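Trainee: I would like to go through the contact between the chains and then one of the pockets. Please keep to what can be computed from the model.

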Amino acid sequence: MTPKPRLLAVLDTVCIVLFLIAVGLVFFYAPLERSMGQVQRVFYFHVATAWVGMLGFMVAAGVGVVYLRTNHSLWDIVGLAAIEISLVFFFVAIVTGSIWARPAWNTWWTWDTRLTTAAIVELIYAAYWMLRQGIEDAEKRARFGAVYAILACISVPITFASIRLLRTIHPVVVGGGDPNAEGGFSMTPAMRVTFFYSLIVFSILFVDMLWHRIRLGQLAEKVEQLKLKLSA
Amino acid sequence: MKTSPPPINLLRRTFQATVAIIWKDLAAEMRSREMLSAMLVFSLLVILIFNFALELDIKARQTVTSGILWATFAFAGTLGLNRSMAIEKDRGCMDGLLLAPVDRSAIYFGKAIGNLVFMLVVEAIVLPVYSVLYNINLFHPGLLAVILLGSLGYVVVGTLLSAMAVQTRTRDVLLPILLFPVVLPVLISAVKASQGFLLAAEWTEIAPWFNLLLVYDVIFTAAAFMIFDYVVEE
């Protein structure tokens, strides 16, 4: 078994430190938002987790294209790793969003554009996972996973556009000023620092976890091969 | 040295193969009538269930008709898609098709157009029955266009995913789970556009939904055409 790479161990430590700083920034550095109060602080991690969720989704589709072209099992492992991590992060984004929505919109859930799209993306991740569960042949599993990741990635923006044609109340905090959005606010410089810092930390965290998950995938593949060798 | 056939010849061969596959599906269905009868009876049962579930009085009918129709088509559609691919798989037809010296896209388009025909036949029967049962006039050219475009988008993705689902352990259970989240834009825009036509809304209100349907159809026909090779590869 290959030992854990030195760089990965360093990255782990860096992640922990950066994350603790992020928590500190969110609670002590970022100012209190006037109308929403403490609950607004969930916003920093909410957007960051949602960003990682979408990032993994796009990574999986991109890697899916590479897999179909090269047929190299590493790309399949990367795709699965990205989707698994994103599934969890996106779920965290939905939960933190609900926590914020309860006081801000007075409801846990509403069928708004982003919320609906988020729910659909989670369902697609689940479908992807179930598809993989149902296939024994490793090569076929990888091929179908890639195909589904690509299809899903094409479909989600169209879904977003189609629900956007209906009315939306989700605030667009970065680069947008829809007056109908409820619970929107403009960020002070300190808030902006915290916000972008969280985005970067979560992106690094994503890379770190992806690396771990890829190693796990490679080890699982090796175990699979050894098992085959034993039974042969 | 072997020369490759001129492209126009290749195109004609692919077209002929596509027509042959459509013809094969239609002929097999004409003899057994398994799939169409199942889809049809199932559609009527779905409408029956909606009738009791939603208390379809005159006021409700106006607004929910398009939703009921599309839910019915979507559910009946998965039945047909599953069946159409299962037949190919179970009797080893798919291997035969794959061995044939034709372009793989001919197989895809043949199956997809065959599925589209079955869906349109079911819709052509369900629509008048629904009109009679609920005393609503559904014969609006705009609505028929929406149904054509919506079914096309549904079938284009559905054929591709059913070819995948049929090769898994869970088989027919998996298709709706894979298909519905991906095909959702079609259902949303088709429901909205149909509702617009049924309530005699302005074209400017319907146009965005109509265009979205067109865009979806074009993008996914192209994507499925490119991806299908990887799904049937052995």
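**Interface and pocket**

Mentor: In this predicted model, chain A and chain B bury about 2600 Å² between them, and carbon and sulfur atoms give 77% of that area.

Trainee: Which three residues supply 21% of the area that chain A buries against chain B?

Mentor: The contact takes 26 residues from chain A and 27 residues from chain B. On the side of chain A, no other three residues supply more of the buried area than Phe144(A), Leu151(A) and Ile158(A).

Trainee: Which side chains meet in a salt bridge across the interface?

Mentor: The rule finds 1 salt bridge between chain A and chain B. A side-chain nitrogen of Lys or Arg must lie within 4 Å of a carboxyl oxygen of Asp or Glu. The N to O distance here is 2.5 Å, and the pair is Glu136(A) and Arg169(B).

Trainee: Which helix gives the largest share of the side of chain A that touches chain B?

Mentor: Helix H4 (113-133) and helix H5 (138-165) of chain A each supply at least two residues of that side. By class, the side divides into 17 nonpolar, 5 polar and 4 charged residues. The largest share is 15 residues, and it comes from H5(A).

Trainee: Which helix gives the largest share of the lining of the second largest pocket?

Mentor: That pocket holds about 650 Å³ of space and is lined by 23 residues, with Asp76(A), Arg132(A), Ala138(A), Arg141(A) and Glu221(A) nearest its centre. The lining has 9 nonpolar, 5 polar and 9 charged residues. Helix H3 (73-105), H4, H5 and helix H6 (189-231) of chain A each supply at least two of them. The largest share, 8 residues, comes from H6(A).

Key: Residues numbered from 1 in each chain as written. Chains lettered and ligands numbered in written order. Predicted model: local features only at pLDDT ≥ 70, side-chain atom pairs only at ≥ 80, totals over all residues. Heavy atoms only, no water. Contact = heavy atoms within 4.5 Å. Buried area = accessible area lost by both parts, 1.4 Å probe. Helix = DSSP H or I, 4+ residues; strand = E, 2+ residues; numbered from the N terminus. Nonpolar A, V, L, I, M, F, W, Y, C, P; charged D, E, K, R; others polar. 1 Å grid on protein atoms, 1.4 Å probe; cavity = no way out; pocket = protein on both sides within 12 Å on 5 of 7 lines; lining within 4 Å. Points joined across faces, edges and corners; volume = space filled by probe spheres on them.
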